[in-house]
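Colleague: I would like to take a close look at one part of this model, the surroundings of the ligand. Please go through them step by step once the structure is in view.

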Amino acid sequence: MTSIYRSLNLVLLGPPGSGKGTQAKVLSEKYQIPHVSTGDMLREEVRNQTSLGIRAKEIMDRGELLPDDVMAAMILKRLDREDCARGVILDGYPRTVEQAQVLDGILAELGRTLERVVLVDVPDEEIVRRLGGRRSCPRCGRVYHVVYNPPKDGKNCDDCGVPLIQRDDDREEVIRERLRQYHEKTAPLVDFYSNRGLLVSVDGSQSMEAVTASIMEAIGSPVGQ
Ligand code: AP5
């Protein structure tokens, strides 16, 4: 695809396992803007065994959220990079009203604005099914599902050929806690953004392709399409 959206700062909002990461990867290619996932950034810190990574792993394995000030420092550093100048697809940030206010401040400081917030809506029972079957590539991070989106040979990454793994926080009791955290701390963002006229909601329980089409219809196609 050669055409690009002129500028698009987009937040993907939704419960754990609603498909934010899956959609963000596709949209990032279509709109030619980076996919910024705070979950992926934290997992990289864990892999590199940094002091933040060691602290983050404990919190993530319990299904809880990291403190807002830690996340603010991380996201400011990332959004200030040159590749975000034409926009960004945020996946996993903001997750609290305080984080949303911090994001407003960061974007204002950088001379940018938030164009759209897309809520990827999926019922809790489907979330548990999806996360229980999720597998990912430890090398490139590509995400699969044992039933909905299996790798070609059933166990190795199609791109890297290495065995897929299950995330430590995809155990049922942790999934339940992540959902609890979502409903308590993140769901208030639906009203927060809706009141500002920024929110569009899509049915995330459709097929992956249908969800992509719904999001693109809601936010508009890249320029020239
Ligand atoms: P994070 O990595 O952001 O996890 P999450 O929000 O819980 O979201 P997931 O990555 O689990 O799911 P997803 O919506 O991306 O779904 P996916 O596309 O993979 O955060 C992890 C942890 O880090 C947090 O718990 C917290 O501790 C910490 N953290 C991160 N950000 C933070 C912040 N801002 N503040 C504080 N703490 C923070 O899809 C799921 C599965 O479903 C896959 O198997 C996929 O193949 C399948 N699937 C996707 N779409 C479909 C479809 N349409 N039909 C069928 N299957 C589908």
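Which backbone atom of Glu64, if any is listed, lies by an oxygen atom of the ligand, and at what distance?

Modeller: Bearing in mind that this is a predicted model, a backbone N or O atom of Glu64 lies 2.5 Å from an oxygen atom of the ligand. Two further backbone contacts involve nitrogen atoms of the ligand: a polar backbone atom of Leu66 is 3.1 Å from a ligand nitrogen, and a polar backbone atom of Gln206 is 2.9 Å from a ligand nitrogen. Of the 1000 Å² of accessible area that the ligand has on its own, the protein covers 97%.

The shell that provides this cover consists of 35 residues, of which Thr22, Glu64, Arg95, Arg134 and Arg178 are the closest. By character, the shell residues divide into 13 nonpolar, 13 polar and 9 charged. Two or more residues each come from helix 1 (20–31), helix 2 (38–47), helix 6 (124–132) and strand 6 (143–145), and helix 2 gives the largest share, with 4 residues.

Among the closest residues, Arg134 can be followed further into the protein. Arg134 belongs to strand 5 (residues 134–136), and Arg134 counts as buried because its relative accessible area is 13%, under the 20% cut-off. Apart from neighbours within four places in sequence, Arg134 is in contact with Val143, Tyr144 and His145, as well as with Gln166, Arg167, Asp170 and Arg178; Arg178 is itself listed with the residues closest to the ligand.

How values were computed: Residues numbered from 1 in each chain as written. Predicted model: local features only at pLDDT ≥ 70, side-chain atom pairs only at ≥ 80, totals over all residues. Heavy atoms only, no water. Near = heavy atom within 4 Å. Polar contact = N/O pair within 3.5 Å; in protein donor to acceptor, adjacent residues only side chain to side chain. Areas by Shrake-Rupley, 256 points an atom, 1.4 Å probe, with all protein chains shown as cover. Nonpolar A, V, L, I, M, F, W, Y, C, P; charged D, E, K, R; others polar. Buried < 20%, exposed > 50% of the residue type's maximum accessible area, 1.4 Å probe, protein only. Contact = heavy atoms within 4.5 Å.
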